[in-house]
Each structure stands twice: as C-alpha cells, then as structure tokens.
Amino acid sequence: MAEVLKGIPAAEKLNAETLNKANKLRETGVEPCLAIVRMGEKPDDIFYENSAVKRSSMVGVKAVRVTLPNTASEEELLAKINEINNDDTIHGVLILMPLPKHIDGNKVREALDPRKDVDGITAGSLAGVFSGNGDGYPPCTAQSCMEILDYYNVPLSGKKAVVIGRSLVIGKPVSMMLLGKNATVTICHSRTENLKETVKNADIVIAAIGRAMMLDGDYFSEGQTVVDVGMNVGPDGKMCGDVNFAEVEKIVSAITPALGGVGAVTTAVLMNHVVDAAEKRL
C-alpha cells in the first residue's frame, strides 16, 4: 500500500512559518492584511470566504471582506479594485471566481495590482512564475502541490514528472515550478497520444485534468509519487479526484488523497503569500 501524503501536516508547518513572520511584522508596526472580494451570495463563495477569514486569524493576518451585490456593474467592481490597489494597509487580494456573466473576468484580473495578487491570477504574476525571477505569486493550488512534495521530501531533481492538465491555474504553472526544481517535465492533456504509457514511465505524476477517476490502475506503475489535484463529483454523487484512489494506492509508492490532500494546503499557501507581500512592501 502506498504512503498517503496528507495535506494537513504540510499546511500546519506552513501556518507556523506564516505566523512567525506575521508576528515579526507586527513588531515593526505592520499588520499583514488580505482583502477578499466577493460578488453575490453564492454558498460556495461564502463558505470559502469564511474559511479564509478563520484561517487568517490563526496565522496573524487581518482579513477584510469586500462584498458587492451580484447586480453590481463592472465599473463598480473595477472602482473597488482600484481603491484596494491604492490602500497601503492592504497587502494581498483574493477575488472569488467565477464572477457574474456580465463581468469581464480578464479585465478584472488585469486591473489588480500584481504586487497584491496573492492568488496568481494576473499576467504579471504568471510571468514571474514562468520566468523564475521571483516576482509575483503562483496560483495557490499549484504551489500547494509543491508544498506537499517538499514536506514529504520527494526528490525532484533529475526526475521525470508528468503533469496531466494545461490550465493556467494548475497545469502550466506547476510545470514551471517543477522545472525550477530541475525535474524533467512532460505536460499532457486530453488529446495526448499514448497517455497511459507516458504516465507509467513517470517518477512523479500531477493529475489536474478535471475528470472524475479518469486515471485508474492501468496508468500507473510501482515507485511513483502521485499528486491528485482533481475535485470532482463521482458517479455515486460523492467527491473524488482525477485518480481512482482505491486502485492506484495499491500500485504506487505515495499518493495524495482526493479529500485532505492538495486542497488542505491552499489556504495556508494563500496566507503565506499575504505575509510575504507585506514583507516586500515593508
């Protein structure tokens, strides 16, 4: 049976580091602050917002809720973002997506000051990830994959890594981050030929294709480390990943669970980014 790479221990380690840095900032008179921008009253958004606020209080980060009605205009939202950009007491911004259909999401993302983009949604942040120059912040889910690999001391240098998925949220940025650790990276997607063979030959597999339990035991081989980023609803109505955990756990050396894996680390990463942004402003 594989070692189960749970996210909570990695998150707790990162939270402790974040709290320590936040306390040192407070000693200089700086209070790290995150603004959470939400439009409407979608239950999922409210749940995530409440979770972020609760976590922020645990790690020394002040959270400010910025809410607009679902019917607010694009101009009203852009004006609010501009106000946040010019507020020196706010160091990081989380914009809950997706936005209502009448809002141009790309315009909103690019209106945000990249220095406050702690969730890696602006072109400026992604440029920093792709160039490796240290500017900006990677998307939190992508960095959560790296935090788990780091916490469990999974060797990356010289290893063959396969990333299944090419989105700007996970697939592409996590590929660049793996390259930054000297892994040899192959990016696969729904149209990749010989996908099973490619995955079988990898040392590390990052599954982020967004299809419920698409990757069964036939895709994997002994000795592999698997990070399952997928969050889907399975045929039985229960939450599941992109990987068939029950089958694959019996084959590989290590694997993250669909619940309590990567998702458990994302908010910890977000708060760490906020504190890091406050340090840079100082």
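**Reading the terms in a predicted model**

Visitor: How does helix H3 run with respect to E3, and which strands does H3 lie across?

Guide: Helix H3 (residues 74-85) lies across E2, E3 and E4 and runs at about 160° to E3. Contact here means heavy atoms within 4.5 Å. Axes are lines fitted to C-alpha atoms, for helices over the stretch in contact, and angles between N-to-C directions run from 0 to 180 degrees. This is a predicted model, in which local features need pLDDT of at least 70 and side-chain atom pairs count only at pLDDT 80 or more, while totals for chains, interfaces and linings use all residues. Residues are numbered from 1 along each chain as its sequence is written, and side-chain values use heavy atoms, with hydrogens and water left out.

Visitor: What makes E2, E3 and E4 a sheet, and in what order do the strands stand?

Guide: Two strands pair if DSSP finds at least two bridges between them, and strands (E, at least two residues) and helices (H or I, at least four) are DSSP runs numbered from the N terminus. Strand E2 (residues 33-39) is joined to E4 by 4 bridges, so the two count as paired. In one of these contacts between strands, Ala35 has Val93 in E4 as its bridge partner. The open sheet has the order E3-E2-E4 with parallel pairing. Its edge strands are E3 (62-68) and E4 (92-95), each pairing on one side only, and the twist averages 20° from one strand to the next.

Visitor: Why do strand E1 and strand E6 stand at the edges?

Guide: The 6 strands of this open sheet follow the order E1-E11-E8-E7-E5-E6, with parallel pairing. Strand E1 (3-4) and strand E6 (184-188) each have a single partner strand, so one side of each is left without a neighbour in the sheet. Between E1 and strand E11 (residues 254-255) there are 2 bridges, which meets the requirement of at least two, so they pair. Val4 stands opposite Ile255 in E11. Helix H7 (residues 171-180) lies across strand E5 (160-164), E6 and E7, at about 170° to E5.

Visitor: Why does Ser125 count as buried or exposed?

Guide: Buried means under 20% relative accessible area, exposed over 50%, and partly exposed in between (1.4 Å probe, protein chains only). Ser125 has 0% relative accessibility and therefore counts as buried. Ser125 lies in helix H5 (residues 123-131). By the same cut-offs, Gly210 at 49% is partly exposed; Gly210 lies in the loop between strand E7 (204-207) and strand E8 (225-228).

Visitor: What makes the link between the side chains of Ser125 and Asp117 a polar contact?

Guide: A polar contact is a pair of N or O atoms within 3.5 Å; within protein, one must be able to donate a hydrogen and the other to accept it, and residues adjacent in sequence count only if both atoms are side-chain atoms. The distance between the two side chains is 2.7 Å, so it falls within that limit.

Visitor: How do you know that the buried residues of H5 line one face?

Guide: Ser125, Leu126, Gly128 and Val129 are buried in H5. Seen down the axis, the buried residues fall within an arc of 155° (taken from the directions from the helix axis to the C-beta atoms), so they line one face of the helix. What covers them includes H7.

Visitor: Why is the pair of Tyr151 and Tyr152 called what it is?

Guide: Rings of Phe, Tyr and Trp (its six-membered ring) pair if their centres lie within 6.5 Å; planes under 30 degrees apart count as stacked, over 60 as edge-to-face and the rest as tilted. A search of the whole structure finds 1 aromatic pair. The centres of Tyr151 and Tyr152 are 4.9 Å apart and the planes stand at 85°, so the pair is edge-to-face.
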